[in-house]
2 protein chains.
Amino acid sequence: MSMKLTILGCYSATPRTNTNPTAQILEIKNHMFLIDCGEGTQVELRRNKVKFSRIKHIFISHLHGDHCFGLVGLISTFRLLTREADLHIYAPKGLKEVITLQMKLADSWTNYNLYFHELSATTSELIFEDDKVEVYTIPLDHRIYTNGFLFREKTGERKLDMNAVLNEDIDVAYYRKLKQGADVPNKKGELVANRSVTKAPKAPKSYAFCSDTAYNEAMIPIIKEVDVLYHESTFVEKHSKLAAPTKHCTAKQAASIAKQANVGTLILGHYSTRYDDLSEFKSEAETIFNNVLLAKDGRQFTFE
Amino acid sequence: MSMKLTILGCYSATPRTNTNPTAQILEIKNHMFLIDCGEGTQVELRRNKVKFSRIKHIFISHLHGDHCFGLVGLISTFRLLTREADLHIYAPKGLKEVITLQMKLADSWTNYNLYFHELSATTSELIFEDDKVEVYTIPLDHRIYTNGFLFREKTGERKLDMNAVLNEDIDVAYYRKLKQGADVPNKKGELVANRSVTKAPKAPKSYAFCSDTAYNEAMIPIIKEVDVLYHESTFVEKHSKLAAPTKHCTAKQAASIAKQANVGTLILGHYSTRYDDLSEFKSEAETIFNNVLLAKDGRQFTFE
């Protein structure tokens, strides 16, 4: 199954008529994860025809408005749409208080279960896991407490090579063990090497979301060799002096992280709203790293 | 000077691709008052080319999300645009805590002065006054504490009829008193009747914003004979059974209030998002009251 990323918004600071603050949907192994939720995200979800009921987990990087001001409205809309499914929110400590205070003042509690998983660790931690996917935090270096998120498919089961299996005359009772990678006996009692009758599963995919952050080599071991890295690039070189004091990055710095981490593809985003033309981000990053894509509101990326 | 109303959003419940929750700009006597601020209001302000720096007073009716979830983002955007002018917010008690908590968590305080005027009275009170305009609350009957707002121009000074003034040979030192309506002596020492040398000022204009509310005759004495009444009409007759339990109104109920208060013009709004065609709101209201206009996102009404 492919992994799909839909950019709902990829600009920094303020929502404008034609640009949206950060929010994206990652589809991975039947999950539809919402990452960040700037103001207007619920409208962008509608515009991109994302089915609201499929969103069960929301990951919030940090509590600057361009990454979370749309969340209370989305939670409230889910209620108005009579949602029943549980909703899990992974966010820095404090967001629960903000949201519950607003629900209290509006006398509007959700009719579905709303779970806050408040984050405060400063080292990478596993925050979600099921039989197919794991999600880890990526501690980032920003003006306030911030996490990126690493989404990693688990390695699937091995596939039976049915011709070889039947040829070896292996009892069906052993198929489960074969898929798990074990050597098993055939009906004659001879041990059959697993790799002679099974095929490797598809390589598991991985996606790292890193925004907002200063240039931060500490993330490299965590995101090492991910298939896709979304890394913020708020500025291009001519404004590089603004990056460090605001704890943001240039396109080149994002590319340098991508290169050192040896990732498959780099997607740039979180552009300052001062730029109308984004081509400079790409060309500057490409001086350091080859496989660069530009996020754009409404753009979808599919990774087979 | 004319009074101008710009509808930024006039739908209830949730923002959608083509409809916005409640927000409107009232231009009256050089003021630019923002009334309510649902999610996405800052984008609608941009779309309608409202100059952010001209907004100095924001009035929030109640703390349901479709009337206030856009406020924290707007306050934050004002900061990013390096606003310097003071900002005054008139809102139910509780909003200050919500906004300051979010600013604290984002470590992003405003660089301009932000004043909260928290409301909790259940009778109409004067909440803003300068030499040209007064603003009163209109207690409404909704599921949570809610106020409408009455904006009333003060009666201006009388205009000098210069031919008559010169003819009566009145000293220039008395002009100020004449404008204030006093009878004054001429140079011969004879008392001149004010009305013989001045003209009445333009009739002061008034606007009442009443949303959200159940059918509520208690507001009638407060809004009596206003020029323009914006009254919520969430439903049409075929859904009238939904109005009372949700503490909303039908178009006919809004028209009945307009008729009893003998207002000049009724503007309907706060439509449930279930309606694509709004013509029924108008036709139903017109069975009771003659001068009915329909609010629509982006629509401007000018009252000379």
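**Entry 1. A sheet in chain B**

I began with chain B, where 7 strands form an open sheet in the order β7-β8-β9-β14-β15-β16-β17, with mixed pairing. I noted β7 (126–129) and β17 (292–294) of chain B at the edges; each has a single partner strand, so one side of each lacks a neighbour in the sheet. Direction ignored, neighbouring strands of this sheet are turned by 20° against each other on average. I record here that the model is a predicted one.

Within this sheet I looked up the pairing of β9 (residues 147–153) with β14 (residues 206–210) of chain B: the two run antiparallel and are joined by 4 bridges. Opposite R152(B) I found S206(B) in β14(B). I then turned to helix α11 (residues 279–286) of chain B, which lies across β16 (265–269) and β17 of chain B. The helix runs at about 170° to β17(B).

**Entry 2. The hairpin of chain A**

In chain A I examined strand β7 (residues 126–129) and strand β8 (residues 133–139), which run antiparallel and are joined by 3 bridges. F128(A) has V135(A) in β8(A) as its bridge partner. How many residues does the hairpin from β7(A) to β8(A) pass through? I found that 3 residues make the connection between β7(A) and β8(A).

**Entry 3. A second sheet, in chain A**

I next traced an open sheet of 7 strands in chain A, ordered β6-β5-β4-β3-β2-β1-β18, again with mixed pairing. Its edge strands are β6 (114–119) and β18 (300–303) of chain A, each of which pairs on one side only. The average turn between neighbouring strands of this sheet is 20°, direction ignored. As a general note, strands of a sheet pair through backbone hydrogen bonds, either parallel or antiparallel.

At the β18 edge I checked the partner strand: β1 (residues 3–9) of chain A runs antiparallel to β18(A) and is joined to β18(A) by 4 bridges. T6(A) stands opposite Q300(A) in β18(A).

**Entry 4. Chain A as a whole**

I listed 10 helices and 18 strands for chain A. The C-alpha trace of chain A spans about 70 × 55 × 35 Å along its principal axes. Of the 304 residues in chain A, 44% are buried. Among contacts in chain A with a separation of 6 or more, 64% join residues 24 or more positions apart.

I consulted the domain assignment, which gives domain 1 of chain A as 3–156 + 202–303 and domain 2 as 159–199. The C-alpha centres of these two domains of chain A lie 43 Å apart.

**Entry 5. H248(A)**

I located H248(A) in the loop between α8 (243–246) and α9 (251–260) of chain A. Is H248(A) buried or exposed? I counted H248(A) as buried, because 24 C-beta neighbours lie inside 10 Å, and the cut-off for a buried residue is 20 or more. Leaving aside neighbours within four places in sequence, H248(A) is in contact with D212(A), A214(A), E232(A), T234(A), F235(A) and A243(A). I also checked D130(A), 118 residues from H248(A) along the chain; the C-alpha atoms of the two are separated by 33 Å.

**Entry 6. Chain A against chain B**

I found 32 residues of chain A in contact with 32 residues of chain B. On the chain A side, the elements giving two or more residues are α1 (41–47), α3 (71–80) and α4 (95–105). By class, this side of chain A has 12 nonpolar, 13 polar and 7 charged residues.

What turn lays chain A on chain B? I noted a turn of 180° with a shift of 0.0 Å along the axis, at an RMSD of 0.0 Å. That is the relation of a two-fold axis. The same surface serves both copies, as 100% of the contact residues of chain A recur in chain B.

**Entry 7. Helix α3 of chain B**

I closed with helix α3 (residues 71–80) of chain B, which is mostly covered, with 8 of its 10 residues buried. The buried residues of α3(B) are L71(B), V72(B), G73(B), L74(B), I75(B), S76(B), T77(B) and F78(B). I asked which elements the buried residues of α3(B) pack against. In chain A the element is α2 (65–68); in chain B the elements are α1 (41–47), α2 (65–68), β5 (87–92), α4 (95–105) and β6 (114–119). Just after α3(B), T82(B) takes a positive phi of about 55°.

Definitions and conventions:
Residues are numbered from 1 along each chain as its sequence is written. Chains are lettered from A and ligands numbered from 1 in the order in which they are written. This is a predicted model: local features need pLDDT of at least 70, side-chain atom pairs count only at pLDDT 80 or more; totals for chains, interfaces and linings use all residues. A residue is buried if 20 or more other C-beta atoms lie within 10 Å of its own, exposed if 12 or fewer, and partly exposed in between; C-beta atoms are placed from the backbone. Two residues are in contact if their C-beta atoms, placed from the backbone, lie within 7 Å. Two strands pair if DSSP finds at least two bridges between them. Axes are lines fitted to C-alpha atoms, for helices over the stretch in contact, and angles run from 0 to 180 degrees between N-to-C directions. Domain bounds come from an automatic or database domain assignment. Ala, Val, Leu, Ile, Met, Phe, Trp, Tyr, Cys and Pro count as nonpolar, Asp, Glu, Lys and Arg as charged, and the others, Gly among them, as polar. Copies are superposed by least squares on the C-alpha atoms of residues with pLDDT of at least 70 in both.
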